[in-house]
Amino acid sequence: MRKSETVHRRALLAGAPVVALGLGGCLESADVTVHEPGKYKGSADPLLDESSRDEVLEKRFQLVQVDR
Amino acid sequence: MARMKFLCDAERCIECNACVTACKNEHEVPWGVNRRRVVVLDDGVPGEKAISVACMHCTDAPCAAVCPVDCFYTTSDGIVLHDKDLCIGCGYCFYACPFGAPQYPQEEAFNARGKMDKCTFCAGGPKEDSSDDEFAMYGRNRIAEEKLPLCAEMCSTKALLAGDGDMVADIYRQRILKRGGRPQTWGWETAYKTA
């Protein structure tokens with residue numbers, strides 16, 4: 001009985017790290033960016049949202065790049 | 001909506017490289033990368049022509065077409081930008097680009113390519129506008145500050161123009177009307193073998 005208990009305990013001690021390693025894989029993030037041909041999947045650019053700068057840039061152009 | 005374009009007037013360019021220096025300084029471009037460079041045709045020969053070349057922000061960008069990870073995007077202004085987090089540094093965009101605009105910093109051992117870097121029309125990249133992250137990765141975002149690219153603003157002879165394509169074309173047309181279009185300007189002699 002004592003021998004079987006010892007064997008049982010040893011098996012548990014040996015198996016615990018294996019189980020812990022196996023469960024460790026479950027904690028990884030499964031958030032993967034899947035590539036779709038022709039589709040941009042990068043970060044959003046805040047510059048894209050701003051459409052009211054045409055006039056300002058036009059004025060700047062006239063100020064800086066036109067001959068004096 | 002304005003469509004942003006560059007135009008370098010070869011008649012006015014004096015090869016001062018102010019545009020190159022301005023760009024490199026403003027964006028702290030890494031060693032070995034020249035977002036903008038001046039190319040001289042027939043250097044040393046009377047009638048030499050210099051032209052400042054960088055990313056031309058093509059309407060149908062070949063770099064975007066060949067990218068295996070689709071890291072390129074175009075803004076509503078027509079500015080072609082890319083996400084360095086997605087870029088794998090394969091070099092395909094460099095092969096595809098007729099202007100050699102995409103470049104790669106040699107930061108690692110064994111000539112390993114870093115992430116692609118190119119002219120952004122001073123529009124930064126897909127990070128928060130004018131943030132430190134954006135500056136570190138893409139350089140200054142002058143468009144978000146309602147300014148135009150520094151290379152064109154610094155051009156000493158106003159050879160390099162950057163802005164709405166229609167406005168740039170108008171200015172160039174006025175210049176041609178004023179000074180006349182010399183046949184040597186666009187290689188007429190080469191095309192028609194009169195030289």
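Helices and strands here are DSSP runs, with at least four residues for a helix (H or I) and at least two for a strand (E), numbered from the N terminus. The model shown in every panel is predicted.

**View 1. Chain B, the whole fold.**
Counting those runs in chain B gives seven helices and six strands. Follow the sequence from start to end and the elements come in the order β-α-β-β-α-β-β-α-α-α-β-α-α. The C-alpha trace stretches over about 50 × 40 × 30 Å along its principal axes. How does that fit with a compact globule? For 195 residues the rule gives a radius of gyration near 16 Å, and chain B comes out at 18 Å, so the two agree. Take the contacts in chain B between residues at least 6 apart in sequence: 54% of them join residues at least 24 apart.

**View 2. Surface and charge, chain B and then chain A.**
In chain B, 47% of the 195 residues count as buried. Its accessible surface adds up to about 9,900 Å², and 54% of that belongs to carbon and sulfur atoms. As for charge, chain B carries 23 positive and 28 negative ones, and the mean positions of the two sets sit 6 Å apart. Turn to chain A and you find two helices and zero strands. Of the 68 residues in chain A, 10% count as buried. Chain A exposes about 5,900 Å², with carbon and sulfur atoms supplying 59%.

**View 3. Helix α6 of chain B and what it packs against.**
This helix covers residues 165-179 of chain B. Does its length come out longer or shorter than expected, or in agreement? Its 15 residues at 1.5 Å a residue should span 21 Å, and the end C-alpha atoms are 21 Å apart, so the helix agrees with the expectation. Which of its residues are buried? They are B:Gly165, B:Met167, B:Val168, B:Ile171, B:Tyr172 and B:Arg175. Note that the list includes an arginine, B:Arg175. The buried residues pack against β1 (4-8) and β6 (160-164) of chain B, and also against α2 (54-64) of chain A. Right after α6(B) comes B:Gly180, with a positive phi near 85 degrees.

**View 4. B:Glu28 and B:Ser130, two loop residues with positive phi.**
B:Glu28 is not a glycine, yet its phi is positive, at about 50 degrees. Look for B:Glu28 in the chain B loop that runs between α1 (18-27) and β2 (37-41). Is B:Glu28 buried or exposed? Its relative accessible area is 58%, and the cut-off for exposed is over 50%, so B:Glu28 counts as exposed. B:Ser130, also a residue other than glycine, has a positive phi near 60 degrees. Its loop lies between α3 (92-96) and α4 (132-138) of chain B. With a relative accessibility of 47%, B:Ser130 falls between the 20% and 50% cut-offs and therefore counts as partly exposed.

**View 5. The surroundings of B:Cys58.**
B:Cys58 sits in the loop between β3 (49-53) and α2 (62-66) of chain B. Its relative accessibility is 21%; buried means under 20%, so B:Cys58 counts as partly exposed. Which residues does B:Cys58 touch, leaving aside those up to four places away in sequence? They are B:Lys5, B:Val80 and B:Phe99. For a sense of distance, B:Arg113 is 55 residues from B:Cys58 along the chain, and their C-alpha atoms are separated by 24 Å.

Conventions
Residues numbered from 1 in each chain as written. Chains lettered and ligands numbered in written order. Predicted model: local features only at pLDDT ≥ 70, side-chain atom pairs only at ≥ 80, totals over all residues. Heavy atoms only, no water. Rg over C-alpha atoms; globule rule 2.2 N^0.38 Å. Buried < 20%, exposed > 50% of the residue type's maximum accessible area, 1.4 Å probe, protein only. Contact = heavy atoms within 4.5 Å. Areas by Shrake-Rupley, 256 points an atom, 1.4 Å probe, with all protein chains shown as cover. Lys, Arg positive; Asp, Glu negative; His and termini not counted. Charge placed at Lys NZ, Arg CZ, Asp CG, Glu CD. Expected span 1.5 Å × (residues − 1).
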